[in-house]
Amino acid sequence: MQQIEARTELNWTARLEINGEPISDKNIGVRSLDHKNKVATFTFVGINLRPGANKVRCTAVSPDGSAGKSAEIMVMGRGPATASANRL
């Protein structure tokens with residue numbers, strides 16, 4: 001299980017998707033507000049990644065519920081080691 005941290009403008013929230021599947025707000029383990037720098041940080045916990053490439057998309061959500069900017073990255077999930085079938 002992994003954790004992912006997202007930052008938005010203060011009073012905004014974040015929506016997270018892994019491989020197109022939404023991650024519940026119940027997976028937000030820590031919410032931190034930095035009033036000095038006007039930043040909100042959300043730490044999503046208990047995130048399962050499949051072995052190989054995973055598309056992670058985070059979208060800022062304004063106080064009125066409208067979507068703001070999104071960021072997308074590819075991350076590699078750990079998987080079982082595979083042995084090569086070709087032998088010399």
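In the predicted model, buried residues account for 26% of the 88 residues in the chain. The exposed surface of the chain amounts to about 6600 Å², and carbon and sulfur atoms contribute 50% of that area. With regard to contacts in the chain between residues at least 6 apart in sequence, 59% link residues that are at least 24 apart.

The secondary structure of the chain comprises 7 strands and 0 helices. Read from the N terminus, the succession of elements is accordingly written β-β-β-β-β-β-β.

An open sheet is formed by 4 strands, arranged in the order β3-β2-β6-β7. The pairing within this sheet is antiparallel. Its edges are occupied by β3, which spans residues 21-23, and by β7, which spans residues 67-77; each of these edge strands pairs on one side only. On average, and with direction ignored, neighbouring strands of the sheet are turned by 25° against each other.

Within the order of the sheet, β2 and β6 stand next to each other. Strand β2 covers residues 13-18 and strand β6 covers residues 52-61. The two strands run antiparallel and are joined by 6 bridges. At the level of individual residues, I18 is placed opposite V56 of β6.

Note on methods. Residues numbered from 1 in each chain as written. Predicted model: local features only at pLDDT ≥ 70, side-chain atom pairs only at ≥ 80, totals over all residues. Heavy atoms only, no water. Buried < 20%, exposed > 50% of the residue type's maximum accessible area, 1.4 Å probe, protein only. Contact = heavy atoms within 4.5 Å. Areas by Shrake-Rupley, 256 points an atom, 1.4 Å probe, with all protein chains shown as cover. Pairing = 2+ DSSP bridges. Axes fitted to C-alpha atoms, helices over the stretch in contact; angles between N-to-C directions.
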